[in-house]
Amino acid sequence: PQTGRLALYLLGLRATCPRPKPHRALVTWLKYYLEEDWTGSRRHGHPLTSYYQYGLGVLALCVHHKRVREEVIRRLLAAQHHGRLGHSAVDTEAVLALAFTCLERRRLVGARLAAELRATVHRVSRSMAQAQGPEGIIGNIYSTPWALQVFLATGTCHKEPAYGQAMAALLENLDAFGTAATMAQVLPVLHGYSYLDITSMSCQEESDTLTPLDVEPPTEMPGNKTVRLVVECAQPWCFELQLYDRRVSAPAAASLLDVLWAATAQEPRFTFDTQNTPQGPYLTQVLGLEARQEKRNYWQLLTSRSTPLLMGIADYVPHNGETLILRLSEW
């Protein structure tokens, strides 16, 4: 089901103040996708897509003032309480917190459930503040705008020290937000808004001030670089930790994704696969080892033994002589 993509589209559509007719059918489709998505929970214990996408779907329906079955909301509450949200837990918890806040504020749930949702959102906000790293980042650089949206939506931003520190970290790392999806997460925060503010927008006729930019293509960096590429399996069923260790030659401006493609050309036994997401390609398989949500594992990207990569594989440009580690890890 295209749950997350359609949810993001409907959130963006609502922000443009459309007339009712064009998006009614899309809201119906989203409700259908949410029901289809839940069929996976009966088999695997989680939606067919992910709790992140499902949370976006619930948020989009709430913004359009559509109810969600209480059974579904309670399943999401249970997943949050029992830590079953996946390795991108900050993003997912934030999306669910925004959805829960929306349902409670728009009075789309009963009084008892509304109190549970309020208490859950309060716990999520507190845990995000506690999870903040020394550089101000919460989770990773892409999770940080989601966490800030929770602080903004709950009105805790002015009394939460983590808010100012996280905002400073964002301003120092704005070059990491190079795709439309990541820009859509960070731009509202920079202006002091969350996605919940879409519900209270005053739609008025505005002149079209959007004009195309004449952007010059970036100049190519001359020469090549060499990157050390290491693949590790930190799972108990792997016979050895290190599965691959080679130096890969690539153009000087090559991204990590380009380096992976160069590795396949350099050595045919090296294989990898990705999955397209709104945030860009996501690494799903390396050397035939697949990261699967039902097995609670994922491909962790590191620039040293313990330093996680804060950017996606298509956005990060390694420097000459750098070591990059792809590690199959558990969450």
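## Aromatic groups, sheets and helices in a predicted model

Tyr244, Trp261, Phe270 and Phe272 form one aromatic cluster. The model is a predicted one. At Tyr244, the charged end of Arg246 sits over the ring, 5.4 Å from its centre. Over the whole structure, a search finds nine aromatic pairs. One of them is formed by Trp29 and Tyr32, an edge-to-face pair with 5.6 Å from centre to centre and 85° between the planes. Trp29 and Tyr32 are three residues apart in helix 2 (residues 20-44), which means that about one helical turn separates them. Trp29 also faces Tyr33: the ring centres are 5.8 Å apart and the planes stand at 40°, so this pair is tilted. Trp29 and Tyr33 are four residues apart in helix 2, again a separation of about one helical turn.

Two residues of this group, Trp29 and Tyr32, are partly exposed, with relative accessible areas of 47% and 43%, respectively. The table sets their values beside those of three other residues discussed below.

| Residue | Relative accessible area | Class |
|---|---|---|
| Trp29 | 47% | partly exposed |
| Tyr32 | 43% | partly exposed |
| His65 | 43% | partly exposed |
| Ser143 | 2% | buried |
| Leu283 | 4% | buried |

### The four-stranded sheet

An open sheet of four strands has the order 2-1-7-6, and its pairing is mixed. Strand 2 (242-251) and strand 6 (297-302) are at the edges; each has a single partner strand, so one side of each has no neighbour in the sheet. From one strand to the next, the twist averages 20°. Strand 6 and strand 7 (residues 323-330) run antiparallel and are joined by six bridges. Within this pairing, Leu301 has Leu326 in strand 7 as its bridge partner. Helix 10 packs on the sheet and touches strand 1 (224-233), strand 2, strand 6 and strand 7. The direction of helix 10 makes about 105° with that of strand 2.

### The three-stranded sheet

A second open sheet is built from three strands in the order 3-4-5, with antiparallel pairing. Its edge strands are strand 3 (272-277) and strand 5 (289-290), each of which pairs on one side only. Strand 3 and strand 4 run antiparallel and are joined by six bridges. Helix 10 (residues 256-266) lies across strand 3 and strand 4, running at about 150° to strand 3. Helix 10 thus has contacts listed for both sheets: strand 3 and strand 4 here, and strands 1, 2, 6 and 7 in the four-stranded sheet.

Leu283 lies in strand 4 (residues 280-286), where Thr274 stands opposite Leu283. What is the relative accessibility of Leu283, and is this residue buried or exposed? The value is 4%; because this is under the 20% cut-off, Leu283 counts as buried. Not counting residues up to four places away in sequence, Leu283 touches Leu260, Phe272, Asp273, Thr274, Trp299, Leu301, Ile313 and Leu326. Among these contacts, Phe272 also belongs to the aromatic cluster, and Leu301 and Leu326 are the bridge partners named above. Leu283 and Leu326 are 43 residues apart along the chain, and their C-alpha atoms are separated by 9.4 Å.

In the loop between strand 4 and strand 5 is Leu287. Leu287 has a positive phi of about 55° although it is not a glycine. Most residues other than glycine have a negative phi.

### Helix 3 and the loop after it

Helix 3 (residues 51-63) has 13 residues, which at 1.5 Å a residue should span 18 Å; the end C-alpha atoms are 18 Å apart, in agreement. Twelve of the 13 residues are buried, so helix 3 is largely enclosed by the rest of the structure. The buried residues include Tyr51, Tyr52, Tyr54, Cys62 and Val63.

His65 comes just after helix 3, in the loop between helix 3 and helix 4 (70-81). Its phi is near 60°, a positive value in a residue other than glycine. At 43% relative accessibility, His65 counts as partly exposed.

### A buried loop residue

Ser143 is placed in the loop between helix 6 (111-130) and helix 7 (144-154). Is Ser143 buried or exposed? Ser143 is buried, with a relative accessible area of 2%. Leaving aside residues up to four places away in sequence, Ser143 touches Val90, Asp91 and Ile138.

Technical notes: Residues numbered from 1 in each chain as written. Predicted model: local features only at pLDDT ≥ 70, side-chain atom pairs only at ≥ 80, totals over all residues. Heavy atoms only, no water. Helix = DSSP H or I, 4+ residues; strand = E, 2+ residues; numbered from the N terminus. Expected span 1.5 Å × (residues − 1). Buried < 20%, exposed > 50% of the residue type's maximum accessible area, 1.4 Å probe, protein only. Contact = heavy atoms within 4.5 Å. Pairing = 2+ DSSP bridges. Axes fitted to C-alpha atoms, helices over the stretch in contact; angles between N-to-C directions. Phe/Tyr/Trp six-rings, centres within 6.5 Å; stacked < 30°, edge-to-face > 60°. Lys NZ or Arg CZ within 6 Å of the ring centre and 35° of its normal.
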